[in-house]
Amino acid sequence: MNLSRKTFIYTLSLAALIIVFIVLYLIIFLPSLYVEYSYERQANLLTQRHMEFLENNEYDSDNAKANSSVFTTTISIDEKDLDKIYYYNLNFSGVLELKDERLKEIVAKITPNLKKIAKAEDVSTWDELEDINIQDFIDESETKLFKINSFKFQPLNIDKDSTQYNFVRLSNDTSLNSARTKIDGNDYANNLVVTYRNNKIIVTAYSAVAGSIDEIVPIILMNIPVIIAVILVIIILSTLWFSNRIVKPIEKITSHTNEMINMPLDKAGSIMPLPLKTNDEFEILANDIDELYLRLSEQYERLKQDMKSREVFLQASSHQLKTPITVSLLLIEGMIGDIGKYKDHSIYLPKVKNELINMRFIIDELLDMNQDLLSVDISNKEEIDMRALVENLIDRWFSVIDKRELHIEFSGNASITSNLNYIQKITENIIENAIKYAQEGSTILIELDSHKLELQNKTEVANEEIFNHIFEPFVSSGSSGNGLGLYFSNYYAKIMGYSLDVFLEDNIVTSRINFS
């Protein structure tokens with residue numbers, strides 16, 4: 001299964017979980033949250049209308065209409081004049097003057113409890129109102145305008161177990177009283193804000209039906225198929241787009257790496273970098289792969305050159321070893337057979353010994369180089385005081401310097417981070433050559449800084465042809481040495497990432513180690 005299909009299946013599975021969560025949320029939690037929100041909003045609107053009335057003694061009609069409070073009613077009762085009830089509404093206002101003594105008595109009984117409610121005090125009982133018969137007032141409500149006949153009072157079927165009361169003290173003289181209940185299965189909210197101020201009782205009331213959960217759920221269920229369809233379409237389209245954004249760069253990187261795998265390292269330069277511009281981790285990965293391949297190809301080229309150098313070295317070593325071996329065998333055979341001048345063993349045995357010493361030296365150099373390559377970790381670097389190192393190496397040759405009357409002029413100072421074993425071998429060899437081949441009585445100039453170590457000496461050997469092959473094995477002036485020193489120094493310098501230059505100009509040999 002490819003990555004695109006896996007991504008698609010994973011996203012669909014995730015979408016299914018999201019849809020299930022959304023549906024459960026809409027069915028289980030949203031209706032109750034909506035009903036709770038409706039209750040809270042009604043209470044807040046009522047409180048706002050009541051406070052506006054206290055401030056202005058009237059309703060702000062524009063604000064009231066905007067907030068659907070057209071059925072809010074406020075009444076005001078003056079303790080000093082209980083015969084009059086002042087009423088206010090968005091559509092009308094007026095004064096209700098009580099004529100019936102029973103009504104006056106009812107108002108007189110209600111007033112103390114309303115005062116307690118305004119102050120958020122406990123109202124122990126409303127029992128004094130239970131004997132009121134509304135039917136009696138209806139039967140006697142005949143006026144000059146109309147007469148009510150056949151009126152029958154039908155008590156509301158209130159579910160007392162579901163009724164909830166909430167009292168909130170808004171200020172020292174004002175409180176909010178909410179009652180939530182179910183009447184015949186419907187949710188009702190009755191809110192009162194009561195204020196007792198300046199011997200007046202002001203009551204603002206608002207009753208409303210909140211949306212029933214049973215009414216909201218069917219509406220949600222009707223819209224669930226549309227919600228699911230929209231979610232699926234959005235998810236599928238976004239998944240296809242996202243999968244394409246993810247898979248395409250991976251396919252390009254895979255194709256690019258396959259091209260690299262099939263391309264020989266010696267032709268790495270023919271592969272162009274992957275032009276991936278995504279501004280994300282894929283672009284970083286593509287650049288890293290190109291950089292890695294480039295470094296591998298560079299290391300491969302260095303390895304080829306190294307193997308070629310080793311091959312040349314081994315061939316030259318074999319050739320150099322053949323000469324002393326052949327000479328030694330001829331000398332020994334002549335002495336064994338007492339042939340001619342070879343009868344004088346005292347003369348030719350030392351020559352055989354010299355040839356054997358020469359062979360041993362070559363073999364020791366080969367073993368030392370191999371041991372260095374196996375045992376020295378070039379990553380093991382430390383801070384090296386190059387001036388102290390050079391001075392220490394020069395001190396080893398003090399007897400030769402005195403004997404040949406050489407002068408040393410040393411300028412500069414520097415510290416570098418390098419492998420001590422390798423940098424010492426490189427430096428030691430160019431110092432040895434400068435002292436051995438410098439013209440007697442001349443001056444050796446040494447200049448040191450953080451970028452290079454440079455030695456200059458006037459030489460007695462002025463064969464420019466030698467300097468054209470100075471880093472090849474067994475190339476020397478013939479007067480001394482075996483021609484391996486600079487070969488090894490150059491080899492070690494390349495391992496360390498340095499470069500070594502040796503050239504002749506006007507009989508002055510310049511040897512330079514470039515650290516960077």
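Here is a short back-and-forth on a predicted model, about how its strands and helices got their labels.

User: What makes β9 and β11 paired strands?
Analyst: Six bridges join β9 to β11, residues 443-448. Pairing takes at least two bridges, so β9 and β11 count as paired. The two run parallel, and I408 stands opposite I444 in β11.

User: Why is β9 called an edge strand?
Analyst: The open sheet has five strands in the order β9-β11-β12-β14-β13, with mixed pairing. β9 (407-412) pairs on one side only, and so does β13 (499-505). Neighbouring strands in this sheet are turned by 10° against each other on average, direction ignored.

User: What lies across β9, β11 and β12?
Analyst: That's helix α8, residues 386-395, running at about 170° to β9. Angles go from 0 to 180 degrees between N-to-C directions, so about 170° means α8 and β9 point in nearly opposite directions.

User: How do you know that β2 and β3 pair?
Analyst: Same kind of check: β2 (81-89) and β3 (93-97) have five bridges between them, in the antiparallel sense. The cut-off is at least two, so they pair. Y86 stands opposite V95 in β3, and a hairpin joins β2 to β3 through three residues.

User: Where does the "transmembrane region" label come from?
Analyst: From UniProt, in an unreviewed entry, which puts that feature at residues 7-34 and 216-242. Such annotations may be inferred rather than shown by experiment. In the model, residues 7-34 are 100% helix and 0% strand, with end C-alpha atoms 37 Å apart. Residues 216-242 are also 100% helix and 0% strand, with their end C-alpha atoms 37 Å apart.

Notes:
Residues are numbered from 1 along each chain as its sequence is written. This is a predicted model: local features need pLDDT of at least 70, side-chain atom pairs count only at pLDDT 80 or more; totals for chains, interfaces and linings use all residues. Side-chain values use heavy atoms; hydrogens and water are left out. Helices (H or I, at least four residues) and strands (E, at least two) are DSSP runs, numbered from the N terminus. Contact means heavy atoms within 4.5 Å.
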